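The following exercises concern a protein model and a ligand bound to it. Please work through each task before reading its solution.

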Amino acid sequence: MSAIRIHDKSFEVYLSEATIQERVKNIAETINKDYQGRRPLFIAILNGSFMFAADLFKYLTIDTEISFIKLASYKGMRSSGNVITSIGLDVDLFKKELIILEDIVDTGKTLYNFIPKLKDHHPSSLKIAALLHKPEATQFPLTLDYIGFSIPDKFVIGYGLDYDGLGRNYRDIYQVV
Ligand code: IMP
């Protein structure tokens, strides 16, 4: 599908399924090398990262584990700015090598607020893998260790990302027109 409409907005294809898959595979291959002989624990942040996490995981060949957690929700096209809750953090993080999986880093506030809570559990290392990063929008200092695509500060949907709950099901990533 080349263009879609959700509520009041129109979106057109920005990153194709093939482009996304190739990049996700590259990231997995880099992680396979970086973590050879180790056993990272991925923490995938729901809802948006479910497709990224699923695809990345298929390309990993190292011993690895994954856990899914849910943080703040995002209303409409502007970040609510507040991390409301974290549900599902039921694994022991002590001395674990953590890799956070996030769909998109926009202002950076979500991760900036959440990372200290993970560090309280004394993991032995912590890295962040974000499929998308909007550098122009980022206001909170974060080190992103693996980035899929740096994109302009325009709203995107698809491949797990939503506009008001809709649009997560598309295989391509669409940008607002
Ligand atoms: P941040 O705290 O401002 O970095 O926002 C992070 C969260 O906002 C992401 O995990 C997404 O859920 C949501 N978000 C930010 N930008 C977009 C976008 O362009 N499309 C869909 N969701 C977005």
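By class, the lining of the second largest pocket has 8 nonpolar, 1 polar and 3 charged residues. The model is a predicted one, and the exercises start from this pocket.

**Exercise 1. The second largest pocket**

Task: Determine which residues line the second largest pocket and which element gives the largest share of its lining.

Solution.
Step 1. The lining consists of L111, Y112, I115, P116, K119, L126, K127, I128, P141, L142, T143 and D145.
Step 2. Two elements, α3 (109–119) and β6 (125–133), give two or more residues each to this lining.
Step 3. The largest share belongs to α3, with 5 residues.
Step 4. The volume of the second largest pocket is about 150 Å³.

**Exercise 2. The shell around the ligand**

Task: State which residues come nearest to the ligand, and describe the shell by class and by element.

Solution.
Step 1. The ligand has 16 residues around it, of which T107, G108, T110, K134 and V156 come nearest.
Step 2. Sorted by class, the shell holds 6 nonpolar, 4 polar and 6 charged residues.
Step 3. At least two residues of the shell are supplied by each of β5 (97–105) and α3.
Step 4. The largest share of the shell, 4 residues, is that of β5.

**Exercise 3. Polar atoms facing the ligand**

Task: For T107, K109 and T110, decide whether the N or O atom that approaches a ligand oxygen belongs to the side chain or the backbone.

Solution.
Step 1. In T107 the atom belongs to the side chain, and its distance from an oxygen atom of the ligand is 2.5 Å.
Step 2. In T110 a side-chain N or O atom is 2.4 Å from an oxygen atom of the ligand.
Step 3. In K109 the atom is a backbone N or O, which lies 3.5 Å from a ligand oxygen.
Step 4. The ligand taken alone exposes 500 Å², and 93% of that is buried by the protein.

**Exercise 4. An open sheet**

Task: Give the strand order of the open sheet of 4 strands, and explain why β1 and β8 each have one side without a neighbour in the sheet.

Solution.
Step 1. The order is β1-β2-β9-β8, and the pairing is antiparallel.
Step 2. Because β1 (3–6) and β8 (156–157) stand at the edges with a single partner strand each, one side of each is left without a neighbour in the sheet.
Step 3. The antiparallel pairing of β1 with β2 (residues 9–15) runs over 4 bridges.
Step 4. Within this part of the sheet, I6 is opposite K9 of β2.

**Exercise 5. Backbone features in two loops**

Task: Identify which residues a cis peptide bond joins, and locate Y159, a residue with a positive phi.

Solution.
Step 1. The cis peptide bond is between L46 and N47, with omega about 0 degrees.
Step 2. N47 belongs to the loop between β3 (41–46) and α2 (50–58).
Step 3. Y159 is not a glycine, yet its phi is positive, at about 50 degrees.
Step 4. Y159 is placed in the loop between β8 and β9 (173–176).

How values were computed: Residues numbered from 1 in each chain as written. Predicted model: local features only at pLDDT ≥ 70, side-chain atom pairs only at ≥ 80, totals over all residues. Heavy atoms only, no water. 1 Å grid on protein atoms, 1.4 Å probe; cavity = no way out; pocket = protein on both sides within 12 Å on 5 of 7 lines; lining within 4 Å. Points joined across faces, edges and corners; volume = space filled by probe spheres on them. Nonpolar A, V, L, I, M, F, W, Y, C, P; charged D, E, K, R; others polar. Near = heavy atom within 4 Å. Polar contact = N/O pair within 3.5 Å; in protein donor to acceptor, adjacent residues only side chain to side chain. Areas by Shrake-Rupley, 256 points an atom, 1.4 Å probe, with all protein chains shown as cover. Pairing = 2+ DSSP bridges.
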